[in-house]
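Reader: I work mostly at the bench, and I would like to learn how to read a protein model with care. Could we go through it feature by feature, with the general idea before the particular case?

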Amino acid sequence: MPVSFLFVSSLLVSATVFSASANADVKANIGFEQRNFISDALLAEQTDSSSSLTGLIEAYRDFDNNTQRLVFSASGRVDENDSERNHIDLAELYWWRQFEQFELYTGVRKVTWGVTESVHLVDVINQTNALENIDGEDKLGQPMIELVAVRDWGTVEAYMLPYFRERQTPGLSSRLRPPLPVLETALYESERKQNHVDFAMRWSHYLGAFDVGLSHFVGTDREPRFIPVVEEQGGAALQPFYAQIRQTGLAVQATVEAWLWKLEVVSKSDNFIGRHTSAAGGLEYTFYSIAGTNGDLGVIAEYQFDDRRAQYAPISQNDAVFGGRWAFNDLDNTQILALFSLDVEYGNRFFSLEASRRLTDSWTLEAELRAFANADVRSPDYSFRNEDYIQLALRRYF
């Protein structure tokens, strides 16, 4: 059944169910995206442009004197040239109930952890939606049961995650893909594969100027390792492998007047490469009312570190990140976020620009630029050396 038909059907059903009550709300948008690559593709089967239709719906309904809530959200994409990007994701479909001593969430949810701008190391609950963007901000919905207890000494969250979702990867005709094709069949350390039950806990609290979050996760790694293999036809390929990990994370943000100080640290171990440490930290300072206008400029500086090397090294293993966030604070909600990343070890450079502006009450224009420079053949992102692109998106909100 076509992706577009399934998504439109879900829009109609959810609008009917959730809008039947005064304690309900339904929001949706559809969009057109045009992505053009500046350089020629490295492989003959890859295209130089891509047009997509996207859609998003979010809805909720409260009942039982607002002590219960049903939440639904879904997104979809239909791509003109890259069928691998065609998908529908049930991002959220869960029931929430407020009890006297705790809150209960049951269903599919998105949970976001982390404080740094350039990367979220502690964010381990949801799988990354790699078909949407390379920035790691888009996530897939995760089936879960979550208990939340709010006390004077902090908030405690406990998670049981009964099903694992694999990371989808770009296809042969896709840009921004690994240098070798990725097999659809993944390997798992656990005999239960996707049915392995994962567990997580998190404690968070405000301590003066500090917002602190301490988490621990045991289960299937959301980040696959790609193992070189030889296909039956004799060609080289990559096969995803998901290990069992134990990860402890710390996220701290301190707010001191116009300063934001941020830190994320993760200690992660498995049965193959042992224990390793990742960290990201830095600051953001906001200049208010720039040049007598309503605009605010936030200046960002961060550093990313990971002690994994060789075939296990991630893209952000020794990088300095600088940037700025300009909020115009105008009626059109104009915003610009620019980030520049320098790989201290290899010299690679990456530039990212995101801008958005409301055209009317219903229409929004978004722009995105990603550029790679000075790629070193030894670096993990060498395959992206020709992948600079510009993207425009026009969205209609309902």
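Author: Let us begin with overall form, for which one needs the radius of gyration, taken over C-alpha atoms, and a globule rule of 2.2 Å times the number of residues to the power 0.38. For the 398 residues here, a compact globule would have a radius of gyration near 21 Å, and the chain, with 22 Å, agrees with that expectation. The C-alpha trace spans about 60 × 55 × 50 Å along its principal axes. Please keep in mind throughout that this is a predicted model.

Reader: Since the model is predicted, what pLDDT does the chain average, and which residues fall below 50?

Author: The pLDDT is the predictor's confidence in each residue, on a scale from 0 to 100. The chain averages 92, and 94% of the residues score at least 70. Over residues 1-7, however, the pLDDT is below 50, although this stretch has 15 contacts in the model beyond near neighbours in sequence.

Reader: How many helices and strands are there, and what share of the residues is buried?

Author: The chain holds one helix and 21 strands, and buried residues make up 43% of its 398 residues. Among contacts with a separation of 6 or more, 56% are between residues 24 or more positions apart. The accessible surface comes to about 20200 Å², and carbon and sulfur atoms account for 58% of that area.

Reader: Where in the chain could I see a contact between residues that are far apart in sequence?

Author: Take G107, which lies in strand 5. The C-alpha atoms of G107 and P143 are separated by 5.4 Å, while the two residues are 36 residues apart along the chain. Leaving aside neighbours within four places in sequence, G107 is in contact with L93, Y94, Q142, P143 and M144.

Reader: Turning to charged side chains, how many salt bridges does the structure hold, and how should I read one?

Author: The general idea is a side-chain nitrogen of Lys or Arg within 4 Å of a carboxyl oxygen of Asp or Glu, and the structure holds 26 such salt bridges. One of them joins E33 and R395, with the closest N and O atoms 2.7 Å apart. This pair links distant parts of the chain, with E33 in strand 1 and R395 in strand 21, 362 residues apart. A residue counts as buried when its relative accessible area is under 20%, so E33, at 7%, is buried, and R395, at 12%, is buried as well. Both also belong to a network of salt bridges that links E33, R77, E132, E366 and R395.

Reader: In the salt bridge between D135 and R370, which residue is buried and which is partly exposed?

Author: R370 is buried, with a relative accessible area of 2%, whereas D135, at 28%, counts as partly exposed. The closest N and O atoms of D135 and R370 are 3.3 Å apart. Here too the pair links distant parts of the chain, 235 residues apart, with D135 in the loop between strand 5 and strand 6 and R370 in strand 20.

Reader: And what does the salt bridge between D198 and R222 tie together?

Author: In this pair the closest N and O atoms are 2.7 Å apart. D198 lies in strand 9 and R222 in the loop between strand 10 and strand 11, so the bridge ties together parts that are 24 residues apart in sequence. D198 is buried at 0% relative accessibility, and R222 is buried at 5%.

Reader: R222 is in contact with N126 too; which backbone atoms lie by the polar atoms of the N126 side chain?

Author: N126 has its place in the loop between strand 5 and strand 6, and at 2% relative accessibility N126 counts as buried. A polar atom of its side chain lies 2.8 Å from the backbone nitrogen of V111, and a polar atom of the side chain lies 2.7 Å from the backbone oxygen of L140. Beyond neighbours within four places in sequence, the residues in contact with N126 include R109, K139, G141 and R222.

Reader: Which side chains make polar contacts with the side chain of T334?

Author: The side chain of T334 makes a polar contact of 2.9 Å with that of D330 and another of 2.7 Å with that of R357. T334 is found in the loop between strand 17 and strand 18 and is buried, with a relative accessible area of 9%. Not counting residues up to four places away in sequence, T334 touches W326, A327, F328, N329, S356 and R357.

Technical notes. Residues are numbered from 1 along each chain as its sequence is written. This is a predicted model: local features need pLDDT of at least 70, side-chain atom pairs count only at pLDDT 80 or more; totals for chains, interfaces and linings use all residues. Side-chain values use heavy atoms; hydrogens and water are left out. Helices (H or I, at least four residues) and strands (E, at least two) are DSSP runs, numbered from the N terminus. Buried means under 20% relative accessible area, exposed over 50%, partly exposed in between (1.4 Å probe, protein chains only). A polar contact is a pair of N or O atoms within 3.5 Å; within protein, one must be able to donate a hydrogen and the other to accept it, and residues adjacent in sequence count only if both atoms are side-chain atoms. Contact means heavy atoms within 4.5 Å. Accessible areas come from the Shrake-Rupley method with a 1.4 Å probe; for residues, only the protein chains shown count as cover.
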